[in-house]
Every structure is written in C-alpha cells, then in structure tokens.
Amino acid sequence: MIRDIYQTVMEFVRTFGAFQLFFLRLVINSPYVLTRRFPLVVQQIFNAGALSLVIIMVCGLFVGGVLGLQGYNNLAKFNAEDSVGTFAAFSLIKELGPVITALLFAGRAGTALASEIGLMKATDQLAAMEMMATDPLRRVIVPRFLGGSISMPFLVAIFSVVGMFGAHVIGVSLLGVDSGAFWQQLRTALEIGDIYEGIIKSVVFGLVASVIAVWEGYNAIPTAEGVGRATTRTVVITAMAVLILDFIITALAM
Amino acid sequence: MSDRSDNVIEIRDLWYSRGPLPIFTGLNIDIPRGKVTAIMGPSGTGKTTLLRLITRQIRPHKGTIRIDGIDIAELNQRELYRFRRRFGMLFQNGALLTDYSVFENVAFPLREHTKLPNRLIRHIVLTKLHAVGLRGAADMMPTQLSGGMARRVALARAIVMDPEILIYDEPFVGLDPISMGVIVRLVRKMNDALGISSILVSHDVQEVSTVSDQSFLLSNGKVAASGSPDELSNTSSELVRQFMHGMADGPVAFHFSAPNYAEQLLGRDAE
C-alpha cells in the first residue's frame, strides 16, 4: 500500500519533471520557429484560433446573456439593476472570459492538436521526418504550441466583447436598463488592473492549454487507443490546470 | 569518407533489450556496399528495432554500429541530422504526411534542406515520381492512394535527396501480388540504377529470395544464418529450414511457453 503510494508519487514527479523539460525545449526552440518558420505558425494560428472563432462567439453571446438575466434579477432586489453592465464586465473580463474560453479551447483546438500529433506519431510521420533530417519538434510541435498560445488571448478578448454585447442586448434592449447607466457605471468601476488580470490569465491559460495538448499528443501511445486516451486526457488535465491556476492567479492579484 | 571498405555498415557485439526482454545479444552483421541485403527473421526478432538502431532513432545498450567507418553513437544532434541525409527510409506503411499532396510529400526534403527554385524542385519531384510510375498521381492526397501506391510515393520521397543507403522496413506486407511485383522490381532497379546500398527487412521469403544478394536470418538475438538465397534454402540448419519453408513447428515452437497442459486442465485452477 505504502509502496503503491510511493510509486505513484514518484511516477508523478518523474512525469512532471519531463513535462517541464519539454516545456523548456518548446520555449528554447520558439525564437527559431518565430523568425525562420513563421508561415508554419500562421497556419496554426488559423487552425487553433480562426477555426475556434464560431464556438467562442456563440458561447460568449449566451454567457453574456445569462449574466444579463442573472445580474438584472438579483441586482433588482437591491434596486441596483443599473449595475448589470458592471456586473457582466467584471465577471467576463476577470473570470468567465479567460476560464470558459480556455475550456472551450481545450475542447475544440486542444483535442484537435493532441489527436493530430498522436496520429502523426502512430503513423510514423514524426519518425519519417526525423529520418528526413527534419526535427519534428521544430517542424510540427513548436508551431502548434505557438499557434495556440498566440490565439488564446485574442479569443478571450473576442469572447468578452461578444459577452458584453449579449449582456447589453438582454439588460438594455430587453429588460430596459438605461444604456447610459449601463456604460457609465462600468467606466467608473472598472480599473486598468482588472483588465491586466484578465490579460495575464488569458496568456497563462493559452500557454498551459497549448503545451498540455502538444505534450499529450507527442507522448501518446502510438495506437488508436493511445491517441483516444491522449485526447481525453488533454481536456481533463487542461480543465483541472486552468481552474487551479485561476484560483492561484486570482489570489495573487488580490 | 574515412573508410571505403567493402562494407557500408558494420555492427559489432550489439546488445539491446526492451524492458526485461533481450532483443539482441551480441549481434554481428556486415552489410556490403552496393548490394541488396535482406534481414529476415520470425516476427518479434527485432528486425525493425535493428533498423531503428542503424538509423539511431534508438541507441544500443552495448556494442558499436559503424557506417562508413563512423561510429554513429558519437554523433551529436546536428551531425546526426546531417548524417541522416545520406539515408533514405521507407516505412512499413509509407508514413506519408497526410496534410500534404503526393507532390509536396516528395518535395518535402528538398524544401526543408535546399533553397532550390520551385521550377527545379518541380523537375526533380516529377522525375522521381516518374521513376516509381506515379507521375500522374502528383496532385492526389495520401488518403486517396492504395497501400501499394502510398509505398511507391514514399519510395520516391526516400530517393529524392539521392541517398547512399536505402532502407526498406517490411516493404511487402499487405500488398496484392501485382503491387508486390512492382515493389520487388523497384527495389532492384533503385539499387542498380542509383548505385546505392539497400537494406531490406522482411519475412516474405519468396520476394526476398528474388531480390536480395545476401540475407541474414535473425533468431534469439543473433544471426542464425547468412548467405545468398540459394545457400539459405539448401541449408542443413533446422531453424533456417523451418523459416524458409514456413513450417508450423520446429525449433521455433508452435506453443508459446505455458505451464504443463494436463496440470493446468486438471489442477486447482479448474475447480
């Protein structure tokens, strides 16, 4: 029993160490890829970012709508329904924008990255590249990692903007909050530090979601089952990491 | 290079194990220059592992592999990649890059390693595709190809950088007789026309016999027999005869090692 626990802990430490080394290799190789192989990164920004746009926007709209409804109903109890804009903005910019975008990103782009890389490994494409004297880390992995990391902050921004639009539609157009009050209260309450917090979260979550996806794909057992498992693990681990990191960053920002 | 002996690859006292399972226990092989050399053996004898060792995708636990006199264990990453340009490798399933068309797959090494103008790349790629008879498939995607065609495209890609050593990993597996004949012909043609050394890993005795100059039969981590196809098929060794003639039982037992049959059926487990 104790030996089992010991082995599990050791296994975790070993994997986590390897993961950190992997992350370091990605970072070390990033300048080369950014300067010499930039078209590859652009293609991955398209794959991870542009192709996630639709679900990000649709979800952002509805999350904003829910914030408008909930905010209005609950704030109205205190005659503070004019603050619904502030309520929605704080929720979106500091929490829901980065977190929900990261979770959607893991589901849409992360799984695609992990399964794509896993399949390339299973069908010997990565080994073939190595035999053609091309480093798959630079050719395949780093561009995907960068594409995901660069896309995320933009997706978060778009999510928040569309969310605000949703909250505005519900709060102002439907429930009759005064549009001037909606925006004016927001301008007084929101500080630049709040936006920084959102930006920091979006950058961190982008890095984390991307590195977990490429790590899982790169280390997938090269079989159909292994690739499937890597895809599932990508979503689960990213979700856990994002929520834990969200708590840590929020606590530090207080 | 430094050593232009008759052997392009020399393997000495090679040891390798996967977990507790020993794969090679003191393997010695000389692969002659300019010939087609076949490495044969029952499934699980480590034929593909040997190819991975020769190309240093994995490292041996003991022993040396010299290619043109150079010990490949001593190469650093950059030297290794430069070294690998002298190899062409055909993977079991072709390993074509699924995102790219046939043309771009063959052009891939050229685009990665040279700054040739597009016109010249087009010229080279079409020439290589023509050599494997698939110039007409240049614009197709890998998913549209049959198994045999995919392997021929992979062969075109393997020779696009004019390698000195061409390695085939199980090139005949899962092909219909016509595709098989095509690949057999191509192996011979590439070897003779390009003056390269070919290494062929396979357990298809018939095909190998028609194409190879020399064969090594692996068993139990060592070379069990070697020689020309004729020498091997006329050997007195039980194991070689079992393998060459495809007999179900012999030195390689039909039964995987198991506890005593009667005891297992009648023993406590059965109650």
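Buried residues first: in this predicted model, they make up 44% of the 254 residues in chain A. Stay with chain A for a moment. What does chain A hold in the way of helices and strands? Nine helices, zero strands. Read along the sequence, that gives α-α-α-α-α-α-α-α-α. The C-alpha trace of chain A spans about 65 × 50 × 30 Å along its principal axes. Now contacts within chain A. Take those with a separation of 6 or more: 86% of them link residues 24 or more positions apart.

Next, chain B. Here we have an open sheet of four strands. The order is 2-1-4-5, and the pairing is antiparallel. Which strands stand at the edges? Strand 2, residues 21-32, and strand 5, residues 70-71, both of chain B. Each has a single partner strand, so one side of each is left without a neighbour in the sheet.

Look at the strand 5 end. Strand 4 of chain B, residues 62-67, runs antiparallel to strand 5 of chain B, and two bridges join them. Across that pair, Arg66(B) stands opposite Asp71(B) in strand 5 of chain B.

Then the helix on the sheet. Helix 1 of chain B covers residues 47-54. Helix 1 lies across strand 1 (7-18), strand 2 and strand 4 of chain B. Its direction is at about 120° to strand 1 of chain B.

Last, the contact between the chains. How many residues does each chain give? Chain A gives 10 residues, chain B gives 15. On the side of chain A that touches chain B, the classes are five nonpolar, three polar and two charged residues.

Definitions and conventions: Residues numbered from 1 in each chain as written. Chains lettered and ligands numbered in written order. Predicted model: local features only at pLDDT ≥ 70, side-chain atom pairs only at ≥ 80, totals over all residues. Contact = placed C-beta atoms within 7 Å. Nonpolar A, V, L, I, M, F, W, Y, C, P; charged D, E, K, R; others polar. Pairing = 2+ DSSP bridges. Axes fitted to C-alpha atoms, helices over the stretch in contact; angles between N-to-C directions. Buried ≥ 20, exposed ≤ 12 C-beta atoms within 10 Å, placed from the backbone.
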